[in-house]
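Student: Could you walk me through this one before I set anything up? I'd like to start with the loops and then go inward.

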Amino acid sequence: MFLHFFGFGDSLRLFELEQQTGLWVRGFRPLQLDGLLQWSQRVAGQQHWDGDALQHQVMRLWVERSDQISRWQAGLRQLPDDQVLVAGLGSQGDWSRHWERMLRV
């Protein structure tokens, strides 16, 4: 399982990314570790992924990108209320298919 932050977007962008990528996509406002963990665990349960491994990955990413996360959190405070930080979650196969589609464009 892999987690990626796409950047800021609105509900239309979330819908487009879900349709285009086949990934699990969600917008966060505010961006908090608890919310990210809850969402990723729900997806892991639905997809029968290893929830513990995903939880460790999310926490590791949170620590490794703490400076970037702080900037995203500050950015959300500056943006209109309809803007969220968009994250995508998928298996290795999901991401491979997404990148293959991107290369064909």
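Student: Is H48 buried or exposed?

Tutor: H48 is exposed, because its relative accessible area of 73% is above the 50% cut-off for that class. Bear in mind throughout that this is a predicted model.

Student: And where does H48 sit?

Tutor: H48 is part of the loop that lies between α2 and α3, and its backbone deserves a look, since H48 has a positive phi of about 60 degrees although it is not a glycine.

Student: Which peptide bond is cis?

Tutor: The bond leading from R29 to P30 is cis, with omega near 0 degrees; P30 itself is placed in the loop between β2, which spans 24-28, and α2.

Student: What about D81, which part of the chain is that in?

Tutor: D81 belongs to the loop between α4 and β3, and with a relative accessibility of 68% D81 counts as exposed. For a sense of distance, the C-alpha atoms of D81 and E100 are 33 Å apart, while the two residues are 19 apart in sequence.

Student: Switching to helices: at what angle do α2 and α3 pack?

Tutor: The angle between α2 and α3 is about 150 degrees, and their axes are 9 Å apart. Angles over 145 degrees count as roughly antiparallel, and α2 and α3 are therefore roughly antiparallel to each other.

Student: What is the handedness of the crossing where α2 passes α3?

Tutor: The crossing in which α2 passes α3 is right-handed.

Student: Which residues meet there, α2 against α3?

Tutor: On the α2 side they are L33, L36, L37, S40, Q41 and A44, and these meet G51, L54, Q55, V58, M59 and W62 of α3.

Student: S40 stands out to me among those names. Is S40 buried or exposed?

Tutor: S40, which is found in helix α2, is buried, because its relative accessible area is 1% and the cut-off for buried is under 20%. Once neighbours within four places in sequence are left aside, S40 is in contact with L54, V58 and L89.

Student: Then how do α3 and α4 pack, at what angle?

Tutor: For α3 and α4 the angle is about 80 degrees, with the axes 5 Å apart. The range from 65 to 115 degrees counts as roughly perpendicular, so α3 and α4 are roughly perpendicular to each other. In this pairing L61, W62, V63 and E64 from α3 meet S66, I69 and Q73 from α4.

Student: Staying with α3, what does the side chain of Q57 do?

Tutor: A polar atom of the Q57 side chain lies 3.0 Å from the backbone oxygen of M1. Q57 is in helix α3, and leaving aside neighbours within four places in sequence, the residues in contact with Q57 are M1, F2 and L3.

Student: Buried or exposed, that Q57?

Tutor: Q57 is buried, since its relative accessible area is 16% and buried means under 20%.

Student: Now the inside: how many residues are in the largest nonpolar core?

Tutor: That core has 20 residues, and those with the most contacts inside it are L3, F5, L31, L36, W39 and L89. At least two residues each come from β1 (2-9), α2 (33-47), α3 (51-64), α4 (66-78) and β3 (84-90), and the largest share, five residues, comes from α2. Apart from this core lies another one, of six residues, among them L14, V25, V84 and V86.

Student: In α4, what is L76 in contact with?

Tutor: Leaving aside neighbours within four places in sequence, L76 is in contact with F8, F28, R29, L31, Q83, V84 and L85. L76 is buried, with a relative accessible area of 4%, and its C-alpha is 9.3 Å from that of F28, although the two are 48 residues apart in sequence.

Student: Last one: where is G88 found, and how far is its C-alpha from that of F2?

Tutor: G88 is found in strand β3, and its C-alpha is separated from that of F2 by 8.1 Å, with their positions 86 residues apart along the chain. G88 is also buried, with a relative accessible area of 0%.

Technical notes: Residues numbered from 1 in each chain as written. Predicted model: local features only at pLDDT ≥ 70, side-chain atom pairs only at ≥ 80, totals over all residues. Heavy atoms only, no water. Core = buried A, V, L, I, M, F, W, Y, C linked by side-chain atoms within 4.5 Å. Buried < 20%, exposed > 50% of the residue type's maximum accessible area, 1.4 Å probe, protein only. Helix = DSSP H or I, 4+ residues; strand = E, 2+ residues; numbered from the N terminus. Polar contact = N/O pair within 3.5 Å; in protein donor to acceptor, adjacent residues only side chain to side chain. Contact = heavy atoms within 4.5 Å. Axes fitted to C-alpha atoms, helices over the stretch in contact; angles between N-to-C directions. Parallel < 35°, antiparallel > 145°, perpendicular 65-115°, else oblique. Left-handed = near helix turned anticlockwise from the far one by under 90°.
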